[in-house]
Amino acid sequence: MRTPVVMTLGMVLSPCGLLLNLISTLAPGWRLVKGFLDQPVDVVLFQGLWDMCREQSSRERQCGQPDEWGYFEAQPVLVARALMVTSLAVAALGLLLASLGVRCWQDEPHFALAGLSGLVLFIAGLFSLIPVSWYTHFLGDRTVLPAPASPVTVQVSYSLVLGYLGSCLLLLGGFSLALSWAPWCEERCRRKAPPAGPRRSSISTVYVDWPEPALPPAIKYYSGGQHRPPPAAEPAAPGKLKVGFPMPRPAPRSYTNPVDVLDGEREPQAAASQGASSRSTRPCHSSLPCDSDL
């Protein structure tokens, strides 16, 4: 049996979502802070869940920067840490269940286990979507997420984008795998359904005995793959009157040629006969042999 499309789609989207969430959790790029007055203009500060990195265009990135504003003690950061780690663990469990449920190495998948893995992956997507959305909501609030005062600006960094994408992929992959419950539920309902008995006739049921239509012999006597001998010819009923009027038949037509085709043959025959008669009546002289002597 080929692997259903919903299972294949779930097995492709879910690992991609897990990988993106892992990068989003570990990378220090949830918020970008720039515009410091006491530092060069091209200096930016990347803030993540576990670390802060300072980067300048002419130098390499320097991580492990001290937390001068109490950023890591903010409630959105602490909640994001817990929920993102939980999402990663739940997503890994869901992928394990999905591998055992889809089991591409066998002919028949385990639909119930594949549906359960889809539910687990969907929950993992929710666990990662909640902290990403909450952090984005308080991104510019300097009282909730501490940051230096203006003119320092804060912006969304790449880790939040990856977190959104990973959460959406986990939600889609989990929903796709959860659709595997449909064949399993259909099979369970079919087993529990009582066998259908004979249908009881109702008052509105009307049985009509339709006459058999007159079909050509090729269909009537060889239909259904069976040979049926044609019925014997029924003798005509005596004294049966014919209905209708006889139609008059036209007289046969004859065509004559006005030109006599023997005219050309009669002229040579007449000339030959005249020549023969003239030779027979010619007088015979003694100096020339006659026809009678020949």
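**Entry 1: the strands**

I began with strand β1 (residues 31–34) and strand β2 (residues 44–47), which run antiparallel and are joined by four bridges. Strands here are DSSP runs marked E of at least two residues, helices are runs marked H or I of at least four, and both are numbered from the N terminus. I noted that two strands count as paired if DSSP finds at least two bridges between them. I looked up K34 and found V44 as its bridge partner in β2.

Before going on I wrote down what I was reading: this is a predicted model, in which local features need pLDDT of at least 70 and side-chain atom pairs count only at pLDDT 80 or more, while totals for chains, interfaces and linings use all residues. Residues are numbered from 1 along each chain as its sequence is written, and side-chain values use heavy atoms, with hydrogens and water left out.

Next I followed V44 to the other side and found its bridge partner E55 in β3. β2 and strand β3 (residues 52–55) pair in the antiparallel sense over four bridges. A hairpin of four residues connects β2 to β3. I then checked β3 against β4: they run antiparallel, joined by two bridges. R54 stands opposite Q62 in β4.

Put together, five strands form an open sheet in the order β4-β3-β2-β1-β5, with antiparallel pairing. I marked β4 (62–63) and β5 (153–156) as the edge strands, as each pairs on one side only.

**Entry 2: the whole chain**

I counted the elements and got seven helices and five strands. From the N terminus on, I read them as α-β-β-β-β-α-α-β-α-α-α-α. The chain has 294 residues, of which 29% are buried. Buried means under 20% relative accessible area, exposed means over 50%, and partly exposed lies in between (1.4 Å probe, protein chains only).

**Entry 3: helices packed on α4**

I took helix α3 (residues 111–137) and helix α4 (residues 158–178): their axes come within 7 Å and cross at roughly 155°. The axes are lines fitted to C-alpha atoms over the stretch in contact, and the angles run from 0 to 180 degrees between N-to-C directions. α3 and α4 are therefore roughly antiparallel to each other, a label for angles over 145 degrees (under 35 is roughly parallel, 65 to 115 roughly perpendicular, the rest oblique). The contact of α3 with α4 has 16 nonpolar, ten polar and no charged residues. Ala, Val, Leu, Ile, Met, Phe, Trp, Tyr, Cys and Pro count as nonpolar, Asp, Glu, Lys and Arg as charged, and the others, Gly among them, as polar.

I did the same for helix α1 (residues 5–26), whose axis comes within 7 Å of that of α4 and crosses it at roughly 155°. That makes α1 roughly antiparallel to α4. I sorted the residues of the contact of α1 with α4 into 14 nonpolar, twelve polar and no charged.

**Entry 4: single residues**

I placed V161 in helix α4. V161 is partly exposed, with a relative accessible area of 44%. I looked up V132 too: the C-alpha atoms of V161 and V132 are separated by 8.9 Å, and the two residues are 29 apart along the chain.

Last, I found four aromatic pairs in the structure. Rings of Phe, Tyr and Trp (its six-membered ring) pair if their centres lie within 6.5 Å; planes under 30 degrees apart are stacked, over 60 edge-to-face, and the rest tilted. W134 and F138 form an edge-to-face pair, 6.1 Å centre to centre with 70° between the planes. W134 is partly exposed, at a relative accessible area of 28%.
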